[in-house]
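Welcome, and thanks for opening the viewer. Let's take a short walk through this model, one selection at a time.

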Amino acid sequence: SEVLREAMEILDQREKEVLSLAFGLEDGILYSTKEIAQKMGLKRDKARQIKELALRKLKRNKKLGKMKI
């Protein structure tokens, strides 16, 4: 949705990519943390940390209003 796209503007490129893969925002395919790490050349724990940080940023973003994450 447009609200989500606007809210994701606060994320850096790597955070956007991780969330896009995790939630299938680009191609509809949900990737596991392990798969995301492999695709991006990261360790699994680093991919998990990036995902958690990005979700925290979105939860604090007032643009999302009352959307549930």
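How much accessible surface does the protein chain have, and what share of it belongs to carbon and sulfur atoms? Turn on the surface for the whole chain: it comes to about 5,000 Å², and carbon and sulfur atoms hold 50% of that. Please keep in mind that you are looking at a predicted model.

Next, switch to cartoon and colour by secondary structure. You should find four helices and zero strands, running α-α-α-α from the N terminus on. If you colour by burial instead, buried residues account for 30% of the 69 residues in the protein chain. Contacts are worth a look too: among those between residues at least 6 apart in sequence, 49% join residues at least 24 apart.

Now select residues 13-23, helix α2, together with residues 33-40, helix α3. Their axes lie 10 Å apart and the helices pack at an angle of about 135°. Angles over 145 degrees would count as roughly antiparallel and 65 to 115 as roughly perpendicular, so α2 and α3 are oblique to each other. Rotate until one helix lies in front of the other, and you can follow α2 passing α3 in a right-handed crossing.

Finally, show side chains where the two helices touch. Which residues meet here? From α2, pick Arg14, Glu17, Val18, Leu21 and Ala22; from α3, their counterparts are Ile36, Lys39 and Met40. Colour this contact by class and you will see five nonpolar and three charged residues, with no polar ones.

Note on methods:
Residues are numbered from 1 along each chain as its sequence is written. This is a predicted model: local features need pLDDT of at least 70, side-chain atom pairs count only at pLDDT 80 or more; totals for chains, interfaces and linings use all residues. Side-chain values use heavy atoms; hydrogens and water are left out. Axes are lines fitted to C-alpha atoms, for helices over the stretch in contact, and angles run from 0 to 180 degrees between N-to-C directions. Angles under 35 degrees count as roughly parallel, over 145 as roughly antiparallel, 65 to 115 as roughly perpendicular and the rest as oblique. A crossing is left-handed if the near helix is turned anticlockwise from the far one by less than a right angle, and right-handed if clockwise. Contact means heavy atoms within 4.5 Å. Ala, Val, Leu, Ile, Met, Phe, Trp, Tyr, Cys and Pro count as nonpolar, Asp, Glu, Lys and Arg as charged, and the others, Gly among them, as polar. Buried means under 20% relative accessible area, exposed over 50%, partly exposed in between (1.4 Å probe, protein chains only). Accessible areas come from the Shrake-Rupley method with a 1.4 Å probe; for residues, only the protein chains shown count as cover.
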